[in-house]
Amino acid sequence: MKNAKYYLEKAQKEKFGIGQFNFSDFSQLRGIINKCAELKSPVILGTSEGESKFVGLQEAVAIRDVLRKKTGLPIFLNLDHGKSLEYLKQAIDAGYDMVHFDGSKLPLEENIKITKEVVKYAKRHGVTVEGEVGRIGTDSSKLYTEKFEIKEEDLTKPEDAKRFLKETKADLLAVSIGNFHGIEISGIDPNLRLEVLRAIKDEVGNALFVLHGGSGTPSDDIKEAIQLGVVKININTELRLAFSGNVRRALNNHVEEIVPYKYLTDAIYSVEKLVGLKIDIFGSANKA
Ligand code: G3H
Ligand code: ZN
């Protein structure tokens, strides 16, 4: 099977996006893979540090292997928002395909220094590295009742992005362009600042960009961002909401039901449906 970088470059050439869908439970994973297999879409499975500790690094790799074998799909595993070199090394040693070092809260100098070390270690193992410049706020378990304000100084500065990519040689760059983790209560987040992405692209050229905080982002903005070089879109909050909401409803509506494979059916279906909608926006069907 071709590696993650191959599919990400294919996405860049053919102008589609690959969904990174986060999971921490096998039923969520089932929903994600069922739909990707049906639509023949490549997929990146994301686990944050917290999610990966719950699932287990080796367990996640073993499940990926079984699902790849069973479906023949290009399924890749990414350690999302890794905060330390040590933990990313553990993920690489366990067999993850990709790692994301999130040094965005560090001074740029420090971010570059650690990302370089991650790249050095990852390259020896054929692992793809995502770095991050600019700050992407908040977290993927939040529903915002008030408008989420993005500070101008948190947006990715084109010159920082250029320096970061030149010095670290990271494969992918996560950018802050008005995106944020979590979702506004209306279900729709404010528009992306696509002019910021254009300015970054003008400065760095044809890099592989990542859009975090994909939940709630207007579809047309995502499509436009893909045209400008975004190849990976991360989705978590919407999946968590769909899955948890359905489990809660099923248990409340059938208080006597204790069989997990019965009360989880609707939740799995809701994940399938959501992943199908996202694949449609990203244009990744039949790209496996
Ligand atoms: O890294 C994961 C994501 O960026 C997910 O963001 O929870 O807003 O979809 P989200
Ligand atoms: Zn993220």
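Helices (H or I, at least four residues) and strands (E, at least two) are DSSP runs numbered from the N terminus. The views show a predicted model, in which local features need pLDDT of at least 70 and side-chain atom pairs count only at pLDDT 80 or more, while totals for chains, interfaces and linings use all residues. Residues are numbered from 1 along each chain as its sequence is written, chains are lettered from A and ligands numbered from 1 in the order written, and side-chain values use heavy atoms, without hydrogens or water.

**View 1. A salt bridge within helix H1 joins Glu9 and Lys5.** A salt bridge is a side-chain nitrogen of Lys or Arg within 4 Å of a carboxyl oxygen of Asp or Glu, and by this rule the count comes to 20. Between Glu9 and Lys5, the N to O distance is 3.8 Å. Helix H1 covers residues 4-14, and the two partners are about one helical turn from each other because they stand four residues apart in this helix. Are the partners buried or exposed? Here buried means under 20% relative accessible area, exposed over 50%, and partly exposed in between (1.4 Å probe, protein chains only). Glu9, at 32% relative accessibility, is partly exposed. Lys5 is also partly exposed, with a relative accessible area of 23%.

**View 2. Lys83 and Asp102 form a salt bridge between two loops.** The side chains of Lys83 and Asp102 come to 4.0 Å, N to O. Lys83 sits in the loop that runs between strand S3 (75-82) and helix H5 (85-94), and Asp102 in the loop between strand S4 (98-101) and helix H6 (108-124), so the pair ties together parts that are 19 residues apart in sequence. Asp102 has a relative accessible area of 7% and is therefore buried.

**View 3. Glu203 and Lys162 form a salt bridge between helices H8 and H7.** The two side chains meet at 3.9 Å, N to O. Glu203 belongs to helix H8 (residues 194-204) and Lys162 to helix H7 (residues 158-168), so that with their positions 41 residues apart in the chain the pair links distant parts. How accessible are the two partners? Glu203 is partly exposed, at 35% relative accessibility. Lys162, at 40%, is partly exposed as well.

**View 4. Lys5, Glu9, Lys123 and Asp171 belong to one salt-bridge network.** Shared partners connect the salt bridges of these four residues. The contact of Glu9 with Lys5 is the one shown in View 1.

**View 5. Asp65 in helix H4 is shown together with Ile75.** Helix H4 covers residues 57-71 and contains Asp65. From C-alpha to C-alpha, Asp65 and Ile75 are 8.5 Å apart in space, and 10 residues separate them in sequence. Asp65 counts as partly exposed because its relative accessibility is 36%.

**View 6. Ile233 in strand S10 is shown together with His212.** Where in the chain does Ile233 lie? Ile233 is a residue of strand S10, which spans 230-235. The C-alpha atoms of Ile233 and His212 are 6.1 Å apart, while the two residues are 21 apart in sequence. With a relative accessibility of 0%, Ile233 is buried.

**View 7. Lys15 and Asn286 each have a positive phi.** Most residues other than glycine have a negative phi. Lys15, which is not a glycine, has a phi of about 55 degrees. This residue, Lys15, is located in the loop between H1 and S1, and is partly exposed at 41% relative accessibility. For Asn286, also not a glycine, phi is about 60 degrees. Asn286 is found in the segment that follows helix H12 (265-282). Is Asn286 buried or exposed? At 61% relative accessibility, Asn286 is exposed.

**View 8. Leu241 is a partly exposed residue of helix H10.** Helix H10 takes in residues 237-253, Leu241 among them. The relative accessibility of Leu241 is 40%, which means that the residue counts as partly exposed.
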